[in-house]
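Please work through the exercises below with the coordinates open beside the text. Each one sets a task and then gives a solution that goes step by step.

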2 protein chains.
Amino acid sequence: MEPLELLECSSPLAREPLDGEQAAGVARVFKALGDPVRLRILSIVASHQGGEACVCDLSAAFDLSQPTISHHLKVLKEVGLLTSERRASWVYYRIVPETLAELSALLSVPATV
Amino acid sequence: MEPLELLECSSPLAREPLDGEQAAGVARVFKALGDPVRLRILSIVASHQGGEACVCDLSAAFDLSQPTISHHLKVLKEVGLLTSERRASWVYYRIVPETLAELSALLSVPATV
DNA sequence: TGTCGATATCAATATATGTCGATATCGATG
DNA sequence: CATCGATATCGACATATATTGATATCGACA
């Protein structure tokens with residue numbers, strides 16, 4: 001649930017081998033990113049006016065059922081890539097920049113060795 | 001096969017929504033990263049002496065069968081995260097820093113909006 | 001050329017995942 | 001309080017994936 005705890009290591013992959021536990025935590029997040037629909041959801045939310053989008057915005061962008069979108073949102077939320085807030089009848093999703101930043105750092109390539 | 005063609009876009013996710021084709025290409029790579037064994041393989045190769053590791057080094061690091069390691073190496077190679085070179089009886093794997101760099105850029109968070 | 005060690009491929013299987021229709025929840029509003 | 005629209009959950013199913021033992025390939029070497 002706590003995104004930062006999921007990753008627990010943000011030094012580049014090349015620094016030292018991940019142990020099993022670290023790898024399992026990081027893999028959960030990458031697995032969530034490993035679906036085209038979820039990537040598009042993330043990019044829509046991230047680039048949306050005000051940094052947030054409601055489910056209705058997202059559903060409209062896909063040719064998929066509402067439960068399917070809801071499922072993908074849940075996956076992204078569970079790994080700490082999105083947060084949600086209910087306001088009136090609508091639920092708004094935002095990206096968690098810290099999680100993206102940690103993944104970005106993990107993949108960053110230290111000056112060619 | 002061509003790592004750069006797989007991604008085809010390295011501007012941050014927040015810049016503009018990915019179209020279906022871009023998302024599919026990027027998702028393939030993230031899906032490959034979404035497995036703990038493959039993440040550990042990558043980190044072992046990346047942090048190994050000389051920037052490369054042979055399959056024997058990798059097999060020794062896991063409690064998995066040799067075909068399983070071979071399978072994961074193939075997946076990582078197919079999405080452009082690893083390259084391989086045969087020298088004598090051994091096959092050596094190296095990371096493809098360009099692919100990691102593109103993913104890193106894609107996840108980089110532009111100054112908080 | 002025949003054998004051996006290292007790696008890849010194949011076939012099979014158990015599990016995980018994406019998708020959907022049906023249904024439940026929840027806030028707003030009459 | 002009854003209803004309606006928005007979103008989440010549930011159950012089911014088809015497909016994808018991780019893993020393995022058996023086997024093939026391929027280079028080295030006697």
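The exercises that follow concern a predicted model, and they treat the contact between two chains and then the surface near a DNA strand.

**Exercise 1.** Describe the contact between chain A and chain B, beginning with the residues that take part.

Solution. Counting pairs of residues whose C-beta atoms, placed from the backbone, lie within 7 Å, one finds that 35 residues of chain B and 35 residues of chain A enter the contact. On the side of chain B that touches chain A, two or more residues come from each of α2 (20–33), α3 (36–47) and α6 (97–107) of chain B. Sorted by character, the residues on this side of chain B comprise 22 nonpolar, eight polar and five charged.

**Exercise 2.** Determine how chain B can be laid on chain A.

Solution. A turn of 180° with a shift of 0.0 Å along the axis places chain B on chain A with an RMSD of 0.0 Å. The two copies are thus related as by a two-fold rotation axis. Within chain B, the C-alpha nearest this axis belongs to B:S104, at 2.2 Å from it. Both copies use the same surface, since 100% of the contact residues of chain B recur in chain A.

**Exercise 3.** Characterise the surface near DNA strand D.

Solution. DNA strand D is surrounded by 26 residues, of which the closest are A:C56, A:P67, B:S65, B:P67 and B:T68. At least two residues of this surface are supplied by each of α4 (55–61), α5 (66–78) and β3 (90–95) of chain A and by α5 (66–78) of chain B. The largest share, six residues, comes from α5(A). By character, the surface near DNA strand D divides into twelve nonpolar, ten polar and four charged residues.

Key: Residues are numbered from 1 along each chain as its sequence is written. Chains are lettered from A and ligands numbered from 1 in the order in which they are written. This is a predicted model: local features need pLDDT of at least 70, side-chain atom pairs count only at pLDDT 80 or more; totals for chains, interfaces and linings use all residues. Two residues are in contact if their C-beta atoms, placed from the backbone, lie within 7 Å. Helices (H or I, at least four residues) and strands (E, at least two) are DSSP runs, numbered from the N terminus. Ala, Val, Leu, Ile, Met, Phe, Trp, Tyr, Cys and Pro count as nonpolar, Asp, Glu, Lys and Arg as charged, and the others, Gly among them, as polar. Copies are superposed by least squares on the C-alpha atoms of residues with pLDDT of at least 70 in both. A residue is near a molecule or strand if its C-beta atom, placed from the backbone, lies within 6 Å of it.
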